[in-house]
Amino acid sequence: MENPRFNVDHRMIDGWTALHYASMNGFANIVELLVKEGDANVNEMDRFQRNALHWACRFNSLRLIEKLLQLKCRYEMKDIEQQTPLDICRIYHHDEAEDFLSDFIKERKKEEERKKKLKKQKEMQELAKKEK
């Protein structure tokens with residue numbers, strides 16, 4: 001995919017990139033190729049301030065939602081209507097995608113809390129060592 005004349009994040013006249021088109025059409029393998037091999041920005045936003053995950057949720061592509069999350073696509077981003085990808089799942093009644101994304105977010109938050117707790121414990125241990 002190395003071509004010095006090709007910018008994988010190039011915007012077409014409608015403001016979308018190749019990643020947006022692939023996401024709207026549920027092409028998980030193409031999305032992975034664009035991100036891993038073409039170094040596409042997985043969080044590139046379009047003119048509606050939507051990233052690829054918004055579009056995968058809009059078109060109910062569970063396989064792509066999973067792939068985008070593996071590629072570190074941000075799930076908390078809001079579009080111009082202040083909707084997250086999870087909101088879009090709810091609006092369009094994509095229950096399976098909503099459940100999957102909701103579970104992923106819950107797990108991610110638990111993981112973040114564990115990390116904060118461990119960091120705080122480490123800080124307390126360091127402070128205790130200094131006080132001795």
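These are my notebook entries on cysteines, salt bridges, surface patches and backbone angles in a predicted model.

**Entry 1. Cysteines**

I looked for disulfides and found zero in the structure. I then checked C57, which is in no disulfide; its nearest cysteine sulfur belongs to C89 and is 3.5 Å away. A disulfide needs the two sulfur atoms within 2.5 Å, and the C57 to C89 distance is 3.5 Å, so this pair does not count as one. I noted for reference that a disulfide is a covalent bond between the sulfur atoms of two cysteines.

I looked up the exposure of C57 as well. C57 counts as buried because its relative accessibility is 0%.

C73 was the next cysteine I checked, and it is in no disulfide either. The nearest cysteine sulfur to C73 is that of C57, 9.0 Å away. With 4% relative accessibility, C73 also counts as buried.

**Entry 2. Salt bridges**

I asked how many salt bridges the structure holds. The total is ten. As background, side chains of opposite charge can pair when their charged atoms come close. I wrote up three of the pairs in detail.

The pair R11 and E44 forms a salt bridge with an N to O distance of 2.5 Å. R11 is in the segment before α1 (18-24), and E44 is in the loop between α2 and α3 (52-58), so the bridge ties together parts of the chain 33 residues apart in sequence. I recorded R11 as partly exposed because its relative accessible area is 33%. E44 is buried, at 16%.

The second pair is K67 and E32, whose closest N and O atoms are 3.4 Å apart. This bridge links distant parts of the chain, with K67 in helix α4 (residues 62-70) and E32 in helix α2, 35 residues apart. Is K67 buried or exposed? K67 counts as buried, since its relative accessibility is 17%. Its partner E32 has a relative accessible area of 21% and is therefore partly exposed.

For the third pair, I found R50 and E81 meeting in a salt bridge at 4.0 Å, N to O. R50 sits in the loop between α2 and α3, while E81 sits in the loop between α4 and α5 (85-91), so this pair connects parts 31 residues apart in sequence. I noted that R50 is buried, with a relative accessible area of 11%. E81 counts as exposed, because its relative accessibility is 52%.

I also looked for shared partners among the bridges. E32, K36 and K67 are joined into one network by salt bridges that share partners.

**Entry 3. One distance from K67**

I returned to K67, in helix α4, and looked up its separation from A56. The C-alpha atoms of K67 and A56 are 10.0 Å apart, and the two residues are eleven positions apart along the chain.

**Entry 4. Surface patches**

I asked which residues make the nonpolar surface patch of about 270 Å². They are F27, I30 and L33. I30 has its place in helix α2 (residues 28-36). I put I30 down as partly exposed because its relative accessibility is 41%. A patch residue needs over 30% relative accessible area and no salt bridge; I30 is at 41%.

I then listed the members of a negative surface patch: D95, E96, D99 and D103. E96 lies in helix α6 (residues 95-131). At 57% relative accessibility, E96 counts as exposed. The cut-off for exposed is over 50%, so the 57% of E96 passes it.

**Entry 5. Positive phi angles**

I looked for residues other than glycine with a positive phi and noted two, D39 and H93.

Phi of D39 is near 60°. D39 is in the loop between α2 and α3. I recorded D39 as exposed because its relative accessible area is 64%.

For H93 I noted a phi of about 55°. Where does H93 lie? H93 lies in the loop between α5 and α6. H93 counts as exposed, since its relative accessibility is 62%.

Key:
Residues numbered from 1 in each chain as written. Predicted model: local features only at pLDDT ≥ 70, side-chain atom pairs only at ≥ 80, totals over all residues. Heavy atoms only, no water. Patch = residues over 30% accessible without salt bridge, like charges linked within 9 Å, V, L, I, M, F, W, Y side chains within 5 Å. Areas by Shrake-Rupley, 256 points an atom, 1.4 Å probe, with all protein chains shown as cover. Salt bridge = Lys/Arg side-chain N within 4 Å of Asp/Glu carboxyl O. Helix = DSSP H or I, 4+ residues; strand = E, 2+ residues; numbered from the N terminus. Buried < 20%, exposed > 50% of the residue type's maximum accessible area, 1.4 Å probe, protein only. Lys, Arg positive; Asp, Glu negative; His and termini not counted. Charge placed at Lys NZ, Arg CZ, Asp CG, Glu CD.
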